Amino acid sequence: MKKTIHQINERIRDGNARVVTAEEMPAIVAELGEEGALAEVDVVTTGTFGAMCSSGGFFNFGHADPPIRMERVWLNDVEAYAGLAAVDAYIGATQQSTTREDQYGGAHVIEDFIAGKSVELRAISRGTDCYPRRTITTDLLLENLNQAIMCNPRNGYQRYNAASNSTERVLHTYMGMLLPSFGNVTYSGAGLLNPISNDPGFRFIGSGVPCFLGGAEGMVIGEGTQASPAAGFGTLMVTGDMKKMNTEYIRAATMHGYGVTMYVGLGIPIPVLDVETVRSTAVKDEDIWVDIIDYGVPARDRPTIGKVNYAMLKAGHLEINGEEVRTSSLSSLRRARRVAEELKGWIESGKMAVCLPTRRIDPGRRAAPMRETVQGPRVLEIMDRRVITISENEPIRDAARKLLKGETNHLPVINGEGVLVGIVTTYDVSKAVVNPAKISHVKDIMRRKVVTTTADEPVDIAVRKLEKHNISALPVVDREYRVVGMLTAMDLGKLFGGRWLK
Amino acid sequence: MKLLVTFSRKEGKKPIIAQVVRDTGVLVNVERALIDSSEGEALIDIPDESCRIVKDKLADLGASVRILEEEISLDETECVDCGACISICPQEVFSFDEEFRLRMDAKRCVLCGRCIEICPHGALSRRVDI
Ligand code: SF4
Ligand code: SF4
């Protein structure tokens, strides 16, 4: 049996289409079988509500008198991109305020507009013959804008890898707070309710298809940026009218230590035309697998700790290395369900019909990493190769002498095999002199926990270590943990007048 | 009931909480303590009926005491039930109910402040009454 899109739209029009959410579908298929479910169900609604950084919107402010060709635009002190026609601008959700940093950003401007609050527009221009005005400041409500069109380049990620942290310190990431030593796992995504997970072949999700966006009727523009559907990480570009949105489904947020982002509610109805659709919309949380990625490793290709599915993630705890670990989602399943429910209501009531894509999204696409033609500096290039070390069994007096002679504040401590076992600083030595207890050797005062770098580590990462641990030097070690150099804050000065330091 | 105790350590390093336990016989649960060389702050949990006696004893020992009425408060209009707070709370104050709505067991909170800092929606705050 097969159904056509017209048959389904006719039923929607007549008010007797059978619409279910993606969460209800597995049970229906289990009960009625695939053919039975096909006969029974006309539309499956999906929904997701989570942080979607790649979001924003176009505004048209209308012309002032005398007119201005806005070159730079700020909305509540958040800069919007104005490299467009005179009174158009695009505000990105993650752009941060020039005055309130990560406590207010583009997402907050959008939320404030939608909430009906007044937003201050400031713009400057160099002035032209046709647009003589140079500055403008005015307070605007959403209703004062000609258009406020949300246009999100990347929304609705099909699934998202979970995050954990192998290091011994807390990490603040866009995946939230990651506790040390795999202390927790965070994840994002609605699992079986996710739109693309219900149509991974993009047979029904594509250009021109209607969707729920932020509480308004929106539309799928097409493939989202960085889409990698061949690897199971499809994304969508979507649009909708901000004037019809609702702050229940658009929420500004701040990821501590990371920055501003926007929580977006997105849902797509999927017409059930054939058995293949029945199968794809019967997807369960157990079927959707993701990796747990170790965010403790600051590289693009971070190591994977293990594989989990959304059922395991939603259960609230997992096992890592035999230990029970709590999970936290960053997206909201409760609100994702509300999106799917509301969308279901729209279709049942005939407010929204379904259609086929006018242009299909290529399910075979894979995102590539950046081609880098200029490699960033590595520790090797700026480290100090004259390393003065001390052995752990030498007297503290010798350490003091070496520190003085070497004009350095840090002495790496090595054992008999030349392996790094600790570090002493001028401060440690002075302290030992002031409190002359029984201690007399370097090994009594050295710090055994040493933060190190390697010669081929990017300087940016080494700098991050210095900042994070609030230290001023890092021993550079080789594979055998022997000291081959030192990287100090001073060495960083060698790079373009210290641009690498904040 | 929770008491926030602050004391200076000028008069030697007296084990002030231990002394209270010894002298009053009340079992004190230390939920959080921050002590450096000159000052200390501790959050302790005691049975309600022992409040008076413990407070008086602490005052005798030179500490100042505040009763914490409210631990952590959730602004339901801001909360989106994401659950980011769940796994980071050392006291397991947060969990989801069957409907994936955030549930709080505020009595367990020790006011470490972690969830306030990380809630993406600014929905959590400290509401301290005397
Ligand atoms: S992190 Fe904040 S918004 Fe998310 S569930 Fe907890 S209180 Fe609610
Ligand atoms: S302040 Fe927050 S994180 Fe800390 S114990 Fe209380 S509820 Fe848990």
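**Exercise 1. Find the company that Cys211(A) keeps: which residues is Cys211(A) in contact with, leaving aside its neighbours within four places in sequence?**

Step 1. Contact means heavy atoms within 4.5 Å. With those sequence neighbours set aside, Cys211(A) is in contact with Ala216(A), Glu217(A), Gly218(A), Met219(A), Val220(A), Leu266(A), Gly267(A), Ile268(A), Pro269(A), Trp346(A) and Met352(A).

A quick word on the ground rules. This is a predicted model, where local features need pLDDT of at least 70 and side-chain atom pairs count only at pLDDT 80 or more, while totals for chains, interfaces and linings use all residues. Residues are numbered from 1 along each chain as its sequence is written, chains are lettered from A and ligands numbered from 1 in the order in which they are written, and side-chain values use heavy atoms, with hydrogens and water left out.

Step 2. Now place the residue: Cys211(A) sits in strand S17 (residues 210-213) of chain A. Helices (H or I, at least four residues) and strands (E, at least two) are DSSP runs, numbered from the N terminus.

Step 3. Check its exposure. Buried means under 20% relative accessible area, exposed over 50%, and partly exposed in between (1.4 Å probe, protein chains only). Cys211(A) has a relative accessible area of 0%, so this residue is buried.

Step 4. Try one distance: 18 Å separates the C-alpha atoms of Cys211(A) and Met262(A), which are 51 residues apart along the chain.

**Exercise 2. Work out why Cys211(A) has no bond to the closest cysteine sulfur.**

Step 1. Recall that a disulfide is a covalent bond between the sulfur atoms of two cysteines. The rule here asks for a pair of cysteine sulfur atoms within 2.5 Å.

Step 2. The closest cysteine sulfur belongs to Cys355(A), and because it is 11 Å from the sulfur of Cys211(A), it's too far for a bond.

Step 3. Widen the search to all chains, and the rule gives zero disulfides.

**Exercise 3. Lay out the sheet that holds S1, S2 and S22 of chain A: which strands stand at the edges?**

Step 1. Strands of a sheet pair through backbone hydrogen bonds, either parallel or antiparallel. Two strands pair if DSSP finds at least two bridges between them.

Step 2. The order is S1-S2-S22 (chain A), in an open sheet of three strands with mixed pairing. Strand S1 (19-21) and strand S22 (269-271) of chain A each have a single partner strand, so they stand at the edges, with one side of each left without a neighbour in the sheet. From one strand to the next, the twist averages 25°.

Step 3. Zoom in on one pair. Strand S2 (residues 43-45) of chain A runs antiparallel to S22(A), joined by three bridges. Opposite Thr45(A) stands Pro269(A) in S22(A), and Pro269(A) is also among the contacts of Cys211(A).

Step 4. Add the helix: H6 (residues 333-348) of chain A lies across S1, S2 and S22 of chain A, at about 175° to S1(A). Axes are lines fitted to C-alpha atoms, for helices over the stretch in contact, and angles run from 0 to 180 degrees between N-to-C directions.

**Exercise 4. Do the same for S27, S28 and S29 of chain A: what is the pairing?**

Step 1. The pairing is mixed, in an open sheet with the order S27-S28-S29 (chain A). Strand S27 (390-391) and strand S29 (420-425) of chain A are the edge strands, each pairing on one side only.

Step 2. Strand S28 (residues 410-414) of chain A is joined to S29(A) by five bridges, and the two run antiparallel. Val413(A) has Gly422(A) as its bridge partner in S29(A).

Step 3. Helix H8 (residues 396-405) of chain A lies across these three strands, S27, S28 and S29, running at about 135° to S28(A).

**Exercise 5. Turn to chain B: how many residues surround ligand 1, and how many surround ligand 2?**

Step 1. Start with the chain itself: chain B has three helices and eight strands. Of its 130 residues, 45% count as buried.

Step 2. A residue counts as near a ligand if one of its heavy atoms lies within 4 Å of it. For ligand 1 that gives 13 residues, the closest being Cys79(B), Cys82(B), Gly83(B), Cys85(B) and Cys119(B).

Step 3. Ligand 2 is surrounded by 13 residues, and the closest are Cys89(B), Cys109(B), Cys112(B), Gly113(B) and Cys115(B). Cys115(B) is buried, because its relative accessibility is 7%.

Step 4. Sort the shells. Ala, Val, Leu, Ile, Met, Phe, Trp, Tyr, Cys and Pro count as nonpolar, Asp, Glu, Lys and Arg as charged, and the others, Gly among them, as polar. The shell around ligand 1 has 10 nonpolar, two polar and one charged, and the shell around ligand 2 has 10 nonpolar, two polar and one charged.
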